[in-house]
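User: I would like a close look at one part of this model, with the terms spelled out as you go.

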Amino acid sequence: RESDHRAWTPVSYTVTRQNATVQGLTEGKAYFFRIAAENIIGMGPFTETTKEIVIRDPITVPDRPEDLEVKAVTKNSVTLTWNPPKYNGGSDITMYVLESRLIGKEKFHKVTKEKMLDRKYTVEGLKEGDTYEYRVSACNIVGQGKPSFCTKPITCKDEIAPPSLDLDFRDKLIVRVGEAFSLTGRYSGKPAPKVTWLKDDIVVKEDDRTKIKTTPTTLCLGILKSVREDSGKYCVTVENSTGSRKGFCQVNVVDRPSPPVGPVIFDEVHKDHMVVSWKPPLDDGGSEITNYIVEKKDTHRDLWMPVTSATVKTTCKIPKLLEGREYQIRIYAENLYGISDPLISDEMKAKDRFRVPDAPEQPIIKDVTKDSAVVVWNKPYDGGKPITNYIVEKKETMATRWVRVTKDPIFPSTQFKVPDLLEGCQYEFRVSAENEIGVGDPSPPSKPIFARDPIAKPSPPVNPEAVDKTKNSVDLSWQPPRHDGNGKIIGYLVEYQKVGDEEWKKANLTADSCPETKYKVTGLTEGLTYKFRVKAVNAAGESEPAYVPDPVEVKDRLEPPELILDANMAREQHVKAGDTLRLSAVIKGVPFPKVSWKKEDHEVSPKADIEVTGVGSKLEIRNTVHEDGGIYSLTVENPAGSKTVSVKVIVLDKPGPPRNLQISEVRSDSCYLTWMEPEDDGGSVITNYVVERKDVASAQWVAISSSSKKRSHMAKYLMEGTQYLFRVAAENQFGRGPYVETLKPIKAIDPLHPPGPPKNLHHVDVDKTEVSLVWNRPDRDGGAEITGYLVEYQEDGADEWTKFQTVPMLDCVVTGL
């Protein structure tokens, strides 16, 4: 069948050989063929050609391959390439056969079994110095074609060509910081040379910014976002076994300079100008510093003023300054590529470098007598010129005028004995220094001293004794020493020693912490016995100690509690509602008693503030209400006993509501109200009652009495038939209490009486079991409309009347007789 048809066409049914000739095919068309075997039973399955067959002239072997070339020769290998034959014989090339012949031999030998369809092969394992020639043949389905023309004889030896280098860059390259640059070129050589990049004799390695690309013929070093450190001498080396070539490029990555190096040195300072100097920048940015820009600024202003921008020296005169003003100097370095960040100086005051000496520090006074004292001081800064004299002055503390102590020069000594002081007077001293410029400021005044002879240590304190004690403290008392050594007693040092120990411990560290003749020693251990001693201290030092005669055992001294009542703890305490209740008492006792407050033998209200101090206790209740009244008790207790005091507290308030409000004697225009006094009168006598009424249809209460002292009231002037509500409240001097109100309305009507008897009762008809009765209305209805008539009957001779029924009309038929 044709490859583009699906129907099969039979060729022969009677082929008995294993081949057949198919005729009648069209040249150039593609066909598939299939064959089946047949016997007497029938035909077997077909076998089909795997791929289409194009009809054309008979297939031959391929032509010879073309352009067999030697590409590379070494001492033990030869690399060959070739092109396919012009005609493949009508079938695809399936392999190539490469053959070699050693010169001097006759036969060609097959080099490899590989198919070599890529038309390139390297013959290896050859012997150095041998000479070969090569040929190659193509094979297809038919067979091996003619061999190619032979190569020239090839001798196995290394092919040598010294390296060559052709660079695209000059000897020097200048690049701005942040820009990229690349060094490129071409090279050759046999064997293939090795390419190496160096920077300042160190091998260049690739990183995020540095990229190296080398092909068999080209080389490239590229650097992205260059920095100053990329500057240097770059070298590329191309090297093989025959030699090497080098190329160089001095790369300079340039930038603005770094700031000048500080600090700014003030070489000269005058009242109207200064001379400053500095050091050049550590990094000139790769380009020579062309100049420095110098500016000045008064520290009280924000404006920088130019001084110069043309100096190339690292020193500059700053002119036109105002005496006494402080200035700052700012310096920039500049090169071809920009201006650096500034170097800023410290502040410097414009004043002459040489001046009067500084003030000495506060002088120290020593060796005081009743008529002299030695003043000692330290040498101050001399202002740039040597000190030639010191001036010492004195004044009495309360005076205002300083007096020079001598007109003679005092130098070089830094102390002076001041004579002619008045005994008992208090003096201060000060010192000034002088140089050729003038006299400097005086020092601060010395501490005041009294002109008197030196003092001695005092004698011991007199009669020390223990006057009180607790479980961890002892109170000591003593008299001042008999002699104070001509100096004021600063205070006393108290020491104690546990009996059995050798070491005395200090109860107070400094004498001025105990200026009086008593001291409480604390932190002692209960039950132990201690000795005590006291020393007096004045400016000369400590006296000999005075001892408490007997050791003291540390334990609580028992005193029963004692209560000293304040005025607010009288037997009865009245307080107005809303005011603050305060109860307080002074408490004594050793040890200090435990304090407890109670109300009616219960805990006091949580809103009560209770304060206990070392001398007493206080109970306070703010915004009192009536319920805060009652009997309050204060109990104090310690191991020696207890004591309790009570006070009745009455909180004066408005009264409670009246009780049991009753209405009686209701008439058409009046009624009578009665009630009972409130259970709680608010702690004050009830002065009057307020009575009010309200028509149930009205929202407004109307007062009908506001001054009644009685517990009853006749409510008059009511409207007949109207329903009323009544309410009553009690008042005392603190206000009106809550109302009590009637539970249901009262109607203003006269009281009702039973009506009179019906009149003229008689029968109008009789039957054997019933009677018809009629009657007339009674003379009086008792004050209200008659609602009906009750009919009863009685059997003659019986005692009881039997109720029949109540009827609304003036007639009735009694049945069931």
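Where does Ile 141 lie, and what surrounds that part of the chain?

Analyst: This is a predicted model, in which local features need pLDDT of at least 70 and side-chain atom pairs count only at pLDDT 80 or more, while totals for chains, interfaces and linings use all residues. Residues are numbered from 1 along each chain as its sequence is written, and side-chain values use heavy atoms, with hydrogens and water left out.

Ile 141 sits in the loop between β10 (131-139) and β11 (144-147), strands being DSSP runs of E with at least two residues, numbered from the N terminus. With a relative accessible area of 65%, Ile 141 is exposed (exposed means over 50%, buried under 20%, and partly exposed in between, with a 1.4 Å probe and protein chains only). Together with Ile 59, Val 61 and Val 142, Ile 141 forms a nonpolar patch on the surface, with about 340 Å² of accessible area in total; such a patch joins nonpolar side chains within 5 Å, from residues with over 30% relative accessible area and no salt bridge, and the areas come from the Shrake-Rupley method with a 1.4 Å probe.

Strand β10, which precedes this loop, also takes part in a salt bridge, as the side chains of Glu 99 and Arg 135 meet at 2.8 Å, N to O (a salt bridge is a side-chain nitrogen of Lys or Arg within 4 Å of a carboxyl oxygen of Asp or Glu). The pair links distant parts of the chain, with Glu 99 in strand β7 (residues 95-102) and Arg 135 in strand β10, 36 residues apart. Glu 99 is buried at 14% relative accessibility, whereas Arg 135 is partly exposed at 23%.

Definitions and conventions: Patches are made of residues with over 30% relative accessible area and no salt bridge: like charges are joined within 9 Å, nonpolar side chains (Val, Leu, Ile, Met, Phe, Trp, Tyr) within 5 Å. Helices (H or I, at least four residues) and strands (E, at least two) are DSSP runs, numbered from the N terminus.
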